[in-house]
Amino acid sequence: MAARTDNFQSPDYFKVDELLTEEHILIRETVRKYVKREISPIIEEYAQKGEFPKHIIKQLGDLGCFGPTIPEQYGGGGLDYLAYGLMMQELERGDSGVRSTASVQGSLVMFPIYQYGSEEQRKKYLPKLASGDWLGCFGLTEPDHGSDPSSMITNIRDAGDHVILNGAKMWISNSPFAQVAVVWAKDETGEIRGVIVEKGMEGFSTPTTHGKWSLRASATGELVFDQVKVPKENIFPNVKGLKGPLGCLTKARYGIAWGAIGAAMDCYDTALNYSKERIQFGKPIGGFQLQQKKLAEMITEITKAQLLNWRLGVLMNEGKVNPQQVSMAKRNACEVATNICRDARQILGGMGISGEYPVMRHMMNLESVITYEGTHDIHLLITGMDVTGFNAFK
Ligand code: TGC
Ligand code: FAD
């Protein structure tokens, strides 16, 4: 397959750029250039093969995409949440699996180590994760407990200077290649605790999940714990309960809100260009009302989501955001991006299913993105509970 020449032009219908600083724009352009140079030419082939491009881990570390909001003294970027959001937008414009790797590493592995970890844990793990020398993964979902993680059965039991970890996690991004896993497990009292498990610990294995039709350029696997001895110094001292993992998810869901719109922007740009070039019935298909309706609705939804994300970023920077707002933005972005990619695929006709264009890959990826980090339904229920005060989960 010929490598893609990526001529993406970002839509900015409501001049959102004027709301950003020069530094934000510089960061976004740097990541955009990286994606055009290093990701777009290779990603389709990796997705078709169902293979994770491992060599990009170090590149993402060098670029500062791992833990951009973590303080510089631990190897992070010391940047704000708008910068982080823009990075995720650009990475997912390339591929959702690439953004996933950065989300997991930054928000689900580095953030809990920074926020809930001891100073020793921070110093030991954060610089290596920030640089991309180590890759991390996050284990919350279990085979029988996905949307309802509080029912998890993975557990730790006290054994003197260490704990014994038993159980299994499923659908874990990056698990087959990760050196470090942040794992959530219940202790003897039924309290959820976070533990850092390292590759090579006896009884710990990470089988790969095969046969995915979505997120094919991202590695997904299990985490299996059979009497694993984990030193007590690997337990997070500063958090107990479900609010630990859910706090990490709030950060990652924020990044997904930006990322999914990146994928939508790529599909819109591709469909717009195609509609101007493809001639049927003697004129460009972009001249037909039915195709214009699709394009007009796409740019409208992209613009609304861009403004929502920008405002959410400002609230994050000011420390005023609540998880329900993040939840709404994640759900909205995933839904509109999924619809935009499906419409873009239609505009491309038969070419829409071909790997010559990025549209079908984005469309398939978004089926995972709309499911992980809380399904569309779960986020609807979070908003429903917030506005009515009634819990419809149980
Ligand atoms: P609930 O009683 O509501 O809450 C328990 C405690 O947590 C607090 N809390 C949060 N804290 C921070 N951020 C949030 N988003 C929070 N949501 C709730 C809450 O205040 C409470 O605190 P406290 O102090 O009172 O103990 O819990 P629940 O058991 O009723 O569950 C609520 C529900 C269903 C919304 C939650 O469990 C949920 O979000 N389920 C979805 C599960 C999910 O998102 N899993 C994601 C797995 S990781 C993943 O998919 C990574 S993909 C990575 C990639 O490749 O990009
Ligand atoms: P279920 O919880 O079984 O849900 C099935 C259906 O029931 C859904 O439609 C759901 O919305 C609906 N439902 C559930 N409860 C209710 C309710 N109360 N009311 C109404 N409807 C309800 N997890 C991790 O921990 N770490 C990772 O790195 C990770 N990476 C992933 C990567 C990929 C590619 C995928 C696909 C998943 C990943 N996940 C990860 C798991 C992901 O978070 C879960 O798949 C997701 O939370 C949903 O859980 P589930 O698949 O068990 O579905």
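# A tour from helix α9 to helix α3

Start by selecting helix α9 and colouring V359, R361, H362, M363, N365, L366, S368 and V369: these residues of α9 are buried. Keep in mind throughout that the model is predicted. Helix α9 covers residues 359-369, and eight of its eleven residues are buried, so the element counts as mostly covered.

What do the buried residues of α9 pack against? Show α1 (22-49), α3, α4 (96-116), α6 and α8, for these are the helices that they pack against.

Next, move along the chain to G374, which sits in the loop between α9 and α10 (376-388). Is G374 buried or exposed? Its relative accessibility is 17%, and because buried means under 20%, G374 counts as buried. Display the neighbours of G374: leaving aside residues up to four places away in sequence, it touches R253, K330 and H379.

From G374, go to R331. The two are 43 residues apart along the chain, yet 8.7 Å separates their C-alpha atoms. R331 belongs to helix α8, which runs over residues 323-347. Select H376, H379, L380 and T383 as well; R331 touches these four, again not counting residues up to four places away in sequence. H379 is also on the list of residues touched by G374.

Which side chain of opposite charge is nearest to R331? That is E335, 4.7 Å away. R331 is buried and has no salt bridge, because a salt bridge requires the charged atoms to be within 4 Å.

Now turn to helix α3, residues 81-94. At its N-terminal end, select D80, which caps the helix: one of its side-chain oxygens lies 3.2 Å from the backbone nitrogen of L82. Then colour α3 by burial; 14 of its 14 residues are buried. To check its length, find the distance between the end C-alpha atoms, which is 20 Å. At 1.5 Å a residue, the 14 residues should span 20 Å, so the two values agree.

The last stop is the largest nonpolar core, which has 98 residues. Select L91, I113, F138 and W184, the members that touch the most other members. Helix α6 (residues 243-277) supplies the largest share of this core, 16 residues. Zoom in on I113: beyond residues up to four places away in sequence, it touches Q121, R122, Y125, L126, L129, V182, I196 and F236. Apart from the largest core lies another, of 18 residues, including I172, A181, V183 and I235.

Conventions
Residues numbered from 1 in each chain as written. Chains lettered and ligands numbered in written order. Predicted model: local features only at pLDDT ≥ 70, side-chain atom pairs only at ≥ 80, totals over all residues. Heavy atoms only, no water. Helix = DSSP H or I, 4+ residues; strand = E, 2+ residues; numbered from the N terminus. Buried < 20%, exposed > 50% of the residue type's maximum accessible area, 1.4 Å probe, protein only. Lys, Arg positive; Asp, Glu negative; His and termini not counted. Contact = heavy atoms within 4.5 Å. Expected span 1.5 Å × (residues − 1). Polar contact = N/O pair within 3.5 Å; in protein donor to acceptor, adjacent residues only side chain to side chain. Core = buried A, V, L, I, M, F, W, Y, C linked by side-chain atoms within 4.5 Å.
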